[in-house]
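Reader: Can we go through the charged residues in this one? I'd like to start with a single residue and work outwards.

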There are 2 protein chains.
Amino acid sequence: MKFSVTVTLKKDVLDPQGKVVQNTLKNLGMDNLKSIRQGKYFEIELDDSDQKKAEKKIDEMCKKLLANLIIEDYKIKKI
Amino acid sequence: MKFSVTVTLKKDVLDPQGKVVQNTLKNLGMDNLKSIRQGKYFEIELDDSDQKKAEKKIDEMCKKLLANLIIEDYKIKKI
């Protein structure tokens, strides 16, 4: 069972890395760019057959390691 | 118009960062973990109203800056 997890900074948290990418893209001539924010992406494969259990495990992984809940949000999707 | 871009390492490319995350999760007691691979995630907002044009621009951004096509794949999605 395969899941994707995206971890993004919360709205009010500054994203200096994204800002640098944004400025670089503007210097490359992309003028219609409004905003860009960077996050992390994980593809996780589990050996579980029960989707609910698997999702719970992924959720636990996010809370324990993958995301910093103080400044980050995460989304889990089955793929 | 808002798009998400995920950039992942190609299948045959080693992912040491993902490996470290995998080992750490195993040490935390997650036993059913089969594999985990890490990538990058971008949320890009454009001022364009034409979706096709916007998608072309995002594609150009990926090719020019966001992804290294030799070792990485990317996916663009409207959100």
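Reader: Is Lys64(A) buried, partly exposed or exposed?

Author: This is a predicted model. In it, Lys64(A) counts as partly exposed, because its relative accessibility is 44% and the class runs between 20% and 50%.

Reader: Which residue does Lys64(A) form a salt bridge with?

Author: Its partner is Glu60(A), and the closest N and O atoms are 3.2 Å apart. Glu60(A) is partly exposed, with a relative accessible area of 34%.

Reader: Where do the two lie?

Author: Both Glu60(A) and Lys64(A) are in helix H2 of chain A. They are four residues apart, about one turn of the helix.

Reader: And Lys63(A), what does that one pair with?

Author: Lys63(A) forms a salt bridge with Asp59(A), with 2.9 Å between the closest N and O atoms. These two also lie in helix H2 (residues 51-66) of chain A, four residues apart. Lys63(A) is partly exposed at 48% relative accessibility, and Asp59(A) is partly exposed at 24%.

Reader: How many salt bridges are there over all chains?

Author: A search of the whole structure finds 12.

Reader: OK, chain B. What does Glu72(B) meet in a salt bridge?

Author: The side chain of Lys40(B), at 3.9 Å from N to O. This pair links distant parts of the chain: Glu72(B) is in strand S3 and Lys40(B) in strand S2 (residues 33-46), 32 residues apart.

Reader: Is Glu72(B) buried or exposed?

Author: Glu72(B) counts as buried, because its relative accessibility of 12% is under 20%. Lys40(B) is partly exposed, with a relative accessible area of 27%.

Reader: Switching topic. Which residues gather in the patch of positive charge on the surface?

Author: Lys75(A), Lys77(A), Lys75(B) and Lys77(B). Strand S3 (72-78) of chain A and strand S3 (72-78) of chain B each give two or more residues to the patch.

Reader: Why is Lys75(B) called exposed?

Author: Because its relative accessible area is 56%, and exposed means over 50%.

Reader: What about Lys26(B), where is it found?

Author: In helix H1 (residues 16-27) of chain B. Lys26(B) is partly exposed, with a relative accessible area of 40%. From Lys26(B) to Glu45(B) is 19 residues in sequence and 37 Å in space, C-alpha to C-alpha.

Reader: Last one. How many disulfides does the structure hold?

Author: Zero, over all chains. As for cysteines, Cys62(A) is buried at 0% relative accessible area, and Cys62(B) counts as buried at 0% too.

Conventions. Residues are numbered from 1 along each chain as its sequence is written. Chains are lettered from A and ligands numbered from 1 in the order in which they are written. This is a predicted model: local features need pLDDT of at least 70, side-chain atom pairs count only at pLDDT 80 or more; totals for chains, interfaces and linings use all residues. Side-chain values use heavy atoms; hydrogens and water are left out. Patches are made of residues with over 30% relative accessible area and no salt bridge: like charges are joined within 9 Å, nonpolar side chains (Val, Leu, Ile, Met, Phe, Trp, Tyr) within 5 Å. Accessible areas come from the Shrake-Rupley method with a 1.4 Å probe; for residues, only the protein chains shown count as cover. A salt bridge is a side-chain nitrogen of Lys or Arg within 4 Å of a carboxyl oxygen of Asp or Glu. Lys and Arg count as positive and Asp and Glu as negative; His and the chain ends are not counted. The place of a charge is taken as NZ of Lys, CZ of Arg, CG of Asp or CD of Glu. Buried means under 20% relative accessible area, exposed over 50%, partly exposed in between (1.4 Å probe, protein chains only). A disulfide is a pair of cysteine sulfur atoms within 2.5 Å.
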